Amino acid sequence: MSTLRALAKAQALAAGVAQPVATVRHLHLSPRPLVLVPLAMAGEANAPLATMVGAAPDRPRLLVVPQPRNRDQRYRFAAELAEEVLPYLDSFRDATEAVPVDRGRDVRHRYVDAPQLLVPNPAAITFLRLFGRSTRFRSDNSSSARLTPRPDLEPSPDGDHPVHPSVPLLGRWLTFFAERAEQPGSAALVALTEALTLHWATGQSAVEDLHLPALLGWIDPPPGSTGAAAAARAEDPTVCPPAGPATDPDFDNRHLAPAIAGYAAAADDPVARAGAYAELAGLLRDQLLPTWELMWRGVGLLRALPPGARVAGRWEGDRDAFTGYAEHVDAGGGPQPRRDGAVAAAVRLHRLERAAASYAVQRAYDDPLVMAEHRLTGEAFVGEVTLADPARVDDSGRRPVLRPRIQVVTTEPVLVSVGATLHHPARPGQRAKVVFVTPGADGKTEVVLELSGGMGRGLTAPPGSVPEVGEQLCLTTLSDAFLPAGAFPATEETPWTHGGPPAGAVDAAPVADGDPAEEWA
């Protein structure tokens, strides 16, 4: 936890309401997100119990598994969930745009928008990831990228483990979204608790912030109440049920178990069975509806914040990923493997590390409050330009180049050394090399900087490209420059100790990516 966030949490506890730790919204919010609130049965490995799903606050659909231990009912539930998810995904596949590549010499096409899934907390993301893993290998030749909803959701008679063709397709897409959720800065699959704590600090612990009702109690308490009182009230499961996928043990013992037992006992009586199902569905609706309403309330709080300048660029990455995977499915590509090989795992880790570094810099560039955290650690400082020589030319090389110099005076600690390169968020393409650092007796420090980049190719700087005297600058060691990808060996060049071909093998037998009989665990 940073010093600034620790201070904000202390202020939230003293003020009785959550404190903002961001001035802009750092993630994209779709005008039409798909909200999923899943529930899992306690004591079972990722056994779906119910889900409330929908793309509008006034049109939720409740999906129920009356016997979560029954494998056929689980797959029927998956097919019903696919009826909601797959048409939603297809609704973003009607319009494309041309994107120039190879410095404008060629173009590629991507969808103009992409779907966004919202869930209450990180545990729900884990639920979807495991649910996708357990369904994506139930594939057959009838799977396609687009789903035409059928009233008949019974399993197909083909295959060793027959399921409706939409089930494996749903599993592949859920796996895609779960993998995108690992990408720092991605907004394809968002846990609302993480999105809210990215912008507000509460007076409770990080573990307590995972409880959506308590978190919203701190951020938006009822009139006349404090955040602590609202959070304490929200933690009472009789007032506000858990946001899933876990359920309240008292609810399980007193209400859920008898309802499931009553449904099982009515197996031979269609009328009694329908009544038992209605009772069970009513219980689960009462458990899910409060969280459903809290989800849209949280979305409204986030929409009230203006988006950061670099949010749209990160959403373009999600659109690219969605377009690429849709094309992969259209081309008949296989499902994601159960586990990565050595090279694939290294590439994934390298990609996530690059994304995390870029995301941290972009948030700091977009938001002065986030940049303040780096100022506290000495990675940035703010000062005033007192001298400027915008016409300075360096002719010591083979040809003269424009190298303006400016002097910045600051009262903040300057921990950078001579020769270091600094950057300014308002001019991300410009570099400032530290030439001199002169501490003053009055607590001020003079820093002389030599500028390069972001001023064209001529010997005269365009207006506004060089900071003027009196301008306030935030200079930082953080750089948003392009990070080149690392070089990794091909699989056939990888040692056998790291997943490559066995020593002495000429034509190794292919290894299946996944086991079709993999269970739900």
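Two strands count as paired here when DSSP finds at least two bridges between them. That is the idea behind the first close-up, and the model in every view is a predicted one.

**View 1. Strand β2 pairs with strand β3.** Strand β2 covers residues 34–40, and six bridges tie it to β3. The two run antiparallel. To get your bearings, look for L39, whose bridge partner in β3 is A50.

**View 2. Strands β3 and β4 make a hairpin.** Six residues sit between the two strands of this hairpin. Four bridges join β3 to β4, which spans residues 61–64, and this pair is antiparallel too. One place to check the register is T51, which has L63 in β4 as its bridge partner.

**View 3. Strand β3 is largely enclosed.** Stay on β3, residues 48–54, and look at what surrounds the strand. Seven of its seven residues are buried, so the rest of the structure largely encloses β3.

**View 4. The largest nonpolar core holds 86 residues.** W173, L196 and L284 have the most contacts inside this core. Helix α9, residues 270–303, supplies the largest share, with eleven residues. As a general backdrop, nonpolar side chains in soluble globular proteins tend to be buried together.

**View 5. Here is L284 with its contacts from elsewhere in the sequence.** Neighbours within four places in sequence are left aside. What remains in contact with L284 is L39, L49, A50, V64, F251 and L256. Two of those names should ring a bell: L39 and A50 are the bridge partners from View 1.

**View 6. Another core lies apart from the largest one.** This one has 19 residues. Among them are V414, A432, L449 and L475, which make handy landmarks.

**View 7. Helix α6 is largely enclosed.** Eight of the eight residues in this helix (212–219) are buried, so the rest of the structure largely encloses α6. The buried residues are L212, P213, A214, L215, L216, G217, W218 and I219. What covers them includes helices α1 (3–15), α5 (192–197), α7 (227–234) and α9, along with strand β9 (200–201).

**View 8. Two buried cysteines, C240 and C474, get a look of their own.** Buried means under 20% relative accessible area. At 10% relative accessibility, C240 therefore counts as buried. C474 has 15%, so C474 counts as buried as well. As for disulfides, a search of the whole structure turns up zero.

Conventions: Residues numbered from 1 in each chain as written. Predicted model: local features only at pLDDT ≥ 70, side-chain atom pairs only at ≥ 80, totals over all residues. Heavy atoms only, no water. Disulfide = S-S within 2.5 Å. Buried < 20%, exposed > 50% of the residue type's maximum accessible area, 1.4 Å probe, protein only. Core = buried A, V, L, I, M, F, W, Y, C linked by side-chain atoms within 4.5 Å. Contact = heavy atoms within 4.5 Å.
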